[in-house]
Amino acid sequence: MMPLEHKIPIVPGPKGVYSFTRRKVGKKLWEPKLEFNLSDPYCHETKFLYEPLHDKHLLKFFSRPINQKCLLKADLITDNMDVKCSLHDYNEYRKYLRQMYADSIKRELRKRNCLFVERKALRFAEDQARKEAERLKEKEKFITERQHRVQQRLLQEKLRTRKLEEQAYNTTRRLKLLKLVRQEERRLINIKRDERIEQIRQKYNIAARRKIIDTLMDWKKTDKALKKGREKRLMNIAQQKQRDMEEKWTKKRQFQEKDIAKQKMLLQRIDVRRQKFIEDYNNKINKETAKMKRLLDDAKLFTNCYIKRRLSDGRKLICCKKYLKNNIVNAN
């Protein structure tokens with residue numbers, strides 16, 4: 001079967017052996033286009049001519065037996081009610097069908113392309129949503145870990161405050177107990193005041209002084225220990241900072257030394273290349289100057305020879321050595 005893009009050639013044969021038909025009587029030839037197309041605005045490729053036999057409004061008229069006989073007699077239709085046409089019209093109709101088929105293929109390809117783009121966009125959106133969900137999960141995990149650390153820090157602070165409160169409670173209790181002891185001692189002193197006022201007073205004073213001295217000594221020891229620990233901790237921190245600063249300084253100095261060495265090496269290479277370029281350039285200039293000087297000497301000699309050659313003596317007054325050498329060689 002011949003494809004639609006090829007035209008059917010004219011086959012010689014007797015009249016009425018074969019005939020070309022497009023559609024039946026009353027069937028439309030030209031279908032309306034589904035899309036707006038400006039590729040052929042003046043209908044140069046396909047001419048949508050009016051065919052009365054293919055007019056659906058005239059189907060009843062042409063379906064009458066009398067009109068059918070006339071159309072058969074005029075050889076416009078076949079016995080099967082197919083409308084005959086010329087080879088040119090048949091090829092044009094095949095061209096139109098091929099164009100319609102190509103338009104349908106383009107429409108389908110455009111539709112598939114749109115579907116592919118939409119699927120790609122959906123896939124990209126799904127990937128973005130999945131990444132966003134993973135990011136949110138990581139963020140939630142980080143937030144939970146952070147909350148856990150904050151809770152641990154709060155618990156530690158609570159424990160520290162509780163210890164401080166217990167220490168304060170113990171100190172207040174100790175002070176209350178000391179007050180009670182003192183009150184009891186005073187009461188006993190007041191009961192036995194008459195008998196041993198002087199002795200009890202002296203003993204009480206001595207005992208009170210000793211207790212105060214002991215408590216003061218204990219407080220001083222604890223203060224010294226705390227102060228010593230604080231000084232040691234501060235000293236360790238200062239030493240660590242000093243070590244960190246020295247390490248940073250050494251690293252920075254080494255980096256700067258390497259950079260300076262690299263810059264020196266690059267400058268040396270640039271100087272070597274510059275010196276080489278200058279030497280090559282000077283040699284080239286010297287060669288060109290020598291060449292130009294040689295050409296100038298030759299030109300001067302040629303002009304002198306030419307001027308002297310035009311004198312009355314002729315070639316006898318030629319002073320060009322090169323020319324003389326050439327004449328001697330030619331004579332030999």
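Tyr-93 and Tyr-96 stand 3 residues apart in helix H3 (residues 87–191), which means that about one helical turn separates them. Both tyrosines belong to a predicted model, and in that model Tyr-93 is buried, as is Tyr-96. A positive charge also belongs to this setting: Arg-22 lies over the face of Tyr-93, 5.9 Å from the ring centre.

The tyrosines lead on to the aromatic pairs, of which the structure holds 3. One of them joins Phe-61 and Phe-62 in an edge-to-face arrangement, with 5.3 Å from centre to centre and 70 degrees between the planes. The angle explains the label, because planes over 60 degrees apart count as edge-to-face. The two phenylalanines can also be described by their accessibility. Phe-62 is buried, with a relative accessible area of 10%, whereas Phe-61 is partly exposed, with a relative accessible area of 39%. The rings of Tyr-93 and Tyr-96 have centres 6.1 Å apart and planes at 35 degrees, and the pair is therefore tilted.

The loop between helix H2 (65–73) and strand E2 (82–85) comes next, and Asp-75 has its place there. Although Asp-75 is not a glycine, its phi is positive, at about 60 degrees. Asp-75 is partly exposed, with a relative accessible area of 40%. Met-81 is also placed in the loop between H2 and E2. For Met-81, too, phi is positive, at about 65 degrees, although the residue is not a glycine. The relative accessible area of Met-81 is 21%, so this residue counts as partly exposed.

From this loop the account turns to charged side chains. Side chains of opposite charge can pair when their charged atoms come close. A search of the whole structure finds 10 salt bridges. One of these is formed by Lys-24 and Asp-82, whose closest N and O atoms are 3.2 Å apart. Because Lys-24 lies in strand E1 (residues 20–24) and Asp-82 in strand E2, the pair ties together parts that are 58 residues apart in sequence. Asp-82 is buried, with a relative accessible area of 19%, while Lys-24 is partly exposed, with a relative accessible area of 39%. The value for Asp-82 falls in the buried class because that class takes in residues under 20% relative accessible area.

Within helix H3, the path leads to the span of residues 119–146, which the unreviewed UniProt entry annotates as "coiled-coil region". In the model this span is 100% helix and 0% strand, and its end C-alpha atoms lie 40 Å apart. Arg-135 and Glu-132 form a salt bridge in which the closest N and O atoms are 2.3 Å apart. Both residues lie in helix H3, 3 residues apart, or about one turn of the helix. Arg-135 counts as partly exposed at 44% relative accessibility, and Glu-132 counts as partly exposed at 38%. Salt bridges also link Asp-127, Arg-130 and Glu-134 in a network.

What distance separates the closest N and O atoms of Lys-211 and Glu-185? In this salt bridge the atoms are 3.7 Å apart. The pair links distant parts of the chain, with Lys-211 in helix H4, Glu-185 in helix H3 and their positions 26 residues apart in sequence. Lys-211 is partly exposed, at 42% relative accessibility. Glu-185 is likewise partly exposed, at 28% relative accessibility.

Helix H4 also brings the reader to a nonpolar part of the surface. Ile-278 is found in this helix, which covers residues 193–309. Together with Phe-277, Tyr-281 and Ile-285, Ile-278 makes a nonpolar surface patch of about 400 Å². Ile-278 itself counts as partly exposed because its relative accessibility is 35%.

How values were computed: Residues numbered from 1 in each chain as written. Predicted model: local features only at pLDDT ≥ 70, side-chain atom pairs only at ≥ 80, totals over all residues. Heavy atoms only, no water. UniProt positions renumbered as here; feature names shortened; annotations may be inferred. Helix = DSSP H or I, 4+ residues; strand = E, 2+ residues; numbered from the N terminus. Patch = residues over 30% accessible without salt bridge, like charges linked within 9 Å, V, L, I, M, F, W, Y side chains within 5 Å. Areas by Shrake-Rupley, 256 points an atom, 1.4 Å probe, with all protein chains shown as cover. Salt bridge = Lys/Arg side-chain N within 4 Å of Asp/Glu carboxyl O. Buried < 20%, exposed > 50% of the residue type's maximum accessible area, 1.4 Å probe, protein only. Phe/Tyr/Trp six-rings, centres within 6.5 Å; stacked < 30°, edge-to-face > 60°. Lys NZ or Arg CZ within 6 Å of the ring centre and 35° of its normal.
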